[in-house]
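Reader: Could you take me through the inside of this one, with a close look at how the interior is packed and where space is left? I'd like one connected account rather than a list.

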Amino acid sequence: MSDLIERARELDSTDPLAGVRADFVLDEVVYLDGNSLGALPASVPGAVEDVVRRQWGELRIRSWTESGWWTAPERIGDLIAPLVGAAAGQIVVGDSTSVNVFKALVGAVRLSGGPEAGRDEILVDASTFPTDGYIAASAARMTGCTVRPLAPGEVPDALGERTAAVLLNHVDYRTGRLHDLPALTAAIRAAGAVSVWDLCHSAGALPVGLDAHGVDLAVGCTYKFLNGGPGSPAYLYVRAGLQDRFDSPLPGWNSHAEPFGMRPEYAPADGAVRGRVGTPDILSMLALEAALEVWSRPDVSVDAVRAKSLALTDFFLECVAAYVPEGRVVTVTPDAHAERGSQVALACADAGEIMERLIAAGVVGDFRAPDVLRFGFTPLYLSFAEVERAARVLADTLG
């Protein structure tokens, strides 16, 4: 035990991201649930107070122009873009992840030509977060397609002339498995189908490379590794080469070419703006903008975050192996770095009860039915000493 405690001290002393921790509001709790809700960035309360008291309280409606409210969805989209490997002008922020999945999936079927072009099948990650599956089923009913659930590894062999769109998760929300976005995207493109990636558990934790790998459409939330706050708005990525053909199933006045023209006929705006629908949720959107300031620090980059993420998860697994009685838990997350996101999932029969006891002991993770203890590792504010402590408390809790 003492060796691992000393190792943790050494790792923290040489951690290039150690100083970033001060940019967050934290306490003595070991917080391993940043893959559900990120910690509060210290810059956010002051920014929100300014939005409420000055921008809304004093400037009122003038803030749509004078405070940049109107352009916030694209401006903040451009802040997220480098974190997912996208050039500016391809991401718009707004609505929930679920709404954006719906826009992207229906839009993808339309881009493919859909049933009229013989493409009447949507392939969906069988282990996807349930909402993605619900929306895929609804999108299929609306577009005249059928849904075919598959494991991501089965997708290449299932692709064919009937495939319209493929909806996949970059990282499995339950197991933490990282799927091969470059290879799967290439296979989808070669089949003439349209790719839609859900980045909820990868954006802000690891490199994505949307532009480099030719991803067509992508969605993601901002309250996990991007620390935007509870219910912070999601985002929609539409590859630049597809934007003039992207036909959103939710046309709204905010995505109209002349939003204040109040015309009865809809004419979509150019660029990422056509991914908008209605009035932006300004309070939460500007809280997100403040939260993203941490990524402007010279010591913070996606590559540095990924390197620390792998080091943290490696160290946690090492500590678990050393402290937890053999056979008490089974590691569900892949060992290979190329297949691991920024979380570790451990299976045990009494996982729900164990997680409740862990939280009471000051180690916060979460439980996923039926038997998964899920621990998220946010490199921007997590230390190696906390990782060692979490594994030690886990061992004591498992008894």
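Author: Sure. Let's start with the whole chain: of its 399 residues, 55% count as buried. Keep in mind that this is a predicted model. The secondary structure comes to 12 helices and 15 strands. Along the principal axes, the C-alpha atoms fill a box of roughly 70 × 60 × 35 Å. The radius of gyration is 22 Å, which agrees with the value near 21 Å that a compact globule of 399 residues would have. Among contacts with a separation of 6 or more, 72% are between residues 24 or more positions apart.

Now for the packing. The largest nonpolar core has 49 residues, and V84, L199, Y235 and W295 are the ones with the most contacts inside it. Quite a few elements feed into this core, with at least two residues each from helix 4 (72-80), helix 7 (155-158), helix 8 (181-190), helix 9 (282-291) and helix 10 (302-323), as well as from strand 4 (91-93), strand 7 (163-169) and strand 10 (235-238). Helix 9 gives the largest share, four residues.

L199 is a handy place to zoom in. Leaving out residues up to four places away in sequence, L199 touches V84 and Y235, both of which are also on the list of residues with the most contacts inside the core. The other partners of L199 are H170, V208, L210, A218, V219 and G220. There is also a second, separate core of 33 residues, and I354, F375, A395 and L398 are among its members.

Two single residues are worth a stop. G341 sits in the loop between strand 11 (330-331) and strand 12 (343-347). Is G341 buried or exposed? It counts as buried, because its relative accessibility is 0%. Beyond its neighbours up to four places away in sequence, G341 touches V171, G176, L178, L206, R306 and S309. E293, on the other hand, is 48 residues from G341 along the chain, and their C-alpha atoms are separated by 23 Å.

T143 belongs to helix 6. With 17% relative accessibility, T143 falls under the 20% cut-off and therefore counts as buried. Setting aside neighbours within four places in sequence, its contacts are V106, V109 and P115.

Helix 6 (130-143) brings us to the empty space, since helix 6 and helix 5 (97-112) each supply at least two residues of the lining of the largest pocket. That pocket has a volume of about 300 Å³. Its lining is made up of 21 residues, of which T97, F129, C200, Y223 and K224 are the closest to the centre. By class, the lining divides into six nonpolar, nine polar and six charged residues.

What about closed-off space? The count comes to one cavity of 30 Å³ or more. About 30 Å³ of space lies in the largest cavity. R21, L26, D27, V29, Y31, Y381, L382 and E386 line it. Five residues of this cavity lining are nonpolar and three are charged, with no polar ones.

Key:
Residues numbered from 1 in each chain as written. Predicted model: local features only at pLDDT ≥ 70, side-chain atom pairs only at ≥ 80, totals over all residues. Heavy atoms only, no water. Buried < 20%, exposed > 50% of the residue type's maximum accessible area, 1.4 Å probe, protein only. Contact = heavy atoms within 4.5 Å. Core = buried A, V, L, I, M, F, W, Y, C linked by side-chain atoms within 4.5 Å. 1 Å grid on protein atoms, 1.4 Å probe; cavity = no way out; pocket = protein on both sides within 12 Å on 5 of 7 lines; lining within 4 Å. Points joined across faces, edges and corners; volume = space filled by probe spheres on them. Nonpolar A, V, L, I, M, F, W, Y, C, P; charged D, E, K, R; others polar. Rg over C-alpha atoms; globule rule 2.2 N^0.38 Å.
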